[in-house]
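Visitor: I would like a close look at a single part of this protein. Please choose one helix, and set what lies around it in context.

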Amino acid sequence: MCSLFVSADERGLPRGALSRTIIRITKFTMQNQAGTTVVNNNNTKLNALKFIVLLGIVSLFADITYQGARSINGQYLALLGASATTVGIVAGLGELIGYSLRLISGYVSDKIGKYWAITLFGYTLNMLAVPALALAGRWEIAAVLIIMERIGKAIRTPARDAMLSHATKEIGRGKGFGLHEALDQIGAVLGPLIAAGVLYFKEGYRTSYAILLVPAIMAISVLLTARWLYPKPRNLEVSLPELQTKGFPKKFWIYLVAVALIAAGYADFPLIAYHFKKASAVPDIWIPAFYAVAMGVDAIAALLFGYLFDRKGISILIFASLLSLSFAPLVFFGGFSLALIGMVCWGIGMGAQESIMRAAIADMVPANRRGTGYGIFNTGYGVCWFLGSALMGVLYDFSLASLVAFSVVAQFASVPLLLLVRKNPE
């Protein structure tokens, strides 16, 4: 058997030629490997982008469905005989249960690892509860369906965000979540407009809910397509951090408190709309239009702040928070023009909250515990939003000045904590 290890002279090569040949072969191999790596990275980024867009389209259709319903739920409950107190309790209870349940949903999704199954179940419940309202003959049944819709959203959100976080790693956390939020908000604008259009042509509330079955089915269909194309979204994150079993880092909890303060000081739109109506600051026909403007600004802000977040980090959230905290004095003290500017500021804050806040979480918690991390985040955010909104409702009857002061102070109090997060404490 011939030996591979022969000298250059034995092969008839000039002295040193074998060494030069080996060097050339090594360089060629390294270049091929580098080229393959670039191609693989490009393919991964493209797949990650496609996955984000697919989930964004799912959210677009989903928002058309439940935001369209939420724009008429109050009136529909009243039509079925519910009192104003009942409407308030149903809306508040649905939000509270919906956010609180996310803690359990996030933990379970990490524990069993069935992110797709939990997401699909949550979306199905979330979507089908809306058109079912067309069949409700009593306000009690309608109330149960409204709460079921919120429960469905609670079940699917942490698992979906955990899957989404793997894809955003490759194109940028801020860009990824910003793109998803922008598509989401397109649906948030279209849904109420569809419901308003049906009512304009005097087709009634039941027809409005029935028509929303179409985007509901589209949302589930696109979700199933995403499941088929990307059964393991975790593979989209090429360089996963080491699996960890210890608790979340200190900065996660500081960040959670900061986010909770922002949420507590952020007035919900129903309270703003109530003020517009009661104070006659904005004509009735313009109130939905103001909301649509805010949702449009939300979409643009999500894209812009998401892009800036990837470059500047948490500093962009601080800037957005300082910019948006002016919404309260503008919408509660101003007339038509100032109120419109206030709603633009409100939309800017919402866009930042829905994109940057979620993006930051992905880099704060271990990959195998992101469902739990998003569950804790969403629960803390939602509960504080609910408590803050309830307090501002009480303050509204007491003094507008006290409401505005609470809103501004609570949001501003988050800034020192966000500065601590920026310093990246262990």
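Guide: Some context for the whole chain comes before the close look. In this predicted model, residues 24 or more positions apart account for 85% of the contacts with a separation of 6 or more. The protein has 17 helices and zero strands. Of its 426 residues, 50% count as buried.

The part to look at is helix α5, which covers residues 139-171. Its partner here is helix α6, residues 173-200. The axes of the two helices come within 7 Å and cross at roughly 130°. That angle makes α5 oblique to α6, and the crossing is right-handed.

The residues that meet can be listed by helix. From α5 they are Arg-160, Asp-161, Leu-164, Ser-165, His-166, Thr-168, Lys-169 and Ile-171. From α6 they are Arg-173, Lys-175, Gly-176, Phe-177 and His-180. Sorted by class, this contact between α5 and α6 has three nonpolar, five polar and five charged residues.

Another residue of α5 is Ala-162. Ala-162 has a relative accessibility of 4% and therefore counts as buried, the cut-off being under 20%. Leaving out neighbours within four places in sequence, Ala-162 is in contact with Tyr-115, Arg-370, Gly-371 and Tyr-374. Gly-106 lies 56 residues from Ala-162 along the chain, and the C-alpha atoms of these two residues are separated by 8.7 Å.

Tyr-115, one of the contacts of Ala-162, leads to helix α4, which covers residues 115-128. Tyr-115 is among the buried residues of α4. The others in that list are Trp-116, Ile-118, Thr-119, Leu-120, Gly-122, Tyr-123, Asn-126 and Met-127. Helix α4 has 14 residues and reaches 20 Å from its first C-alpha to its last, close to the 20 Å expected at 1.5 Å a residue.

For a second buried site, take Val-331 in helix α13, residues 327-333. Val-331 counts as buried because its relative accessibility is 0%. Setting aside residues up to four places away in sequence, Val-331 touches Ile-272, His-275, Phe-276, Ala-339, Gly-342 and Met-343. Val-331 is also 58 residues from Ala-273 in sequence, with 9.6 Å between their C-alpha atoms.

To return to the helix in question, α5 passes α6 in a right-handed crossing, and Ala-162 of α5 is in contact with Tyr-115.

Conventions. Residues numbered from 1 in each chain as written. Predicted model: local features only at pLDDT ≥ 70, side-chain atom pairs only at ≥ 80, totals over all residues. Heavy atoms only, no water. Axes fitted to C-alpha atoms, helices over the stretch in contact; angles between N-to-C directions. Helix = DSSP H or I, 4+ residues; strand = E, 2+ residues; numbered from the N terminus. Parallel < 35°, antiparallel > 145°, perpendicular 65-115°, else oblique. Left-handed = near helix turned anticlockwise from the far one by under 90°. Contact = heavy atoms within 4.5 Å. Nonpolar A, V, L, I, M, F, W, Y, C, P; charged D, E, K, R; others polar. Expected span 1.5 Å × (residues − 1). Buried < 20%, exposed > 50% of the residue type's maximum accessible area, 1.4 Å probe, protein only.
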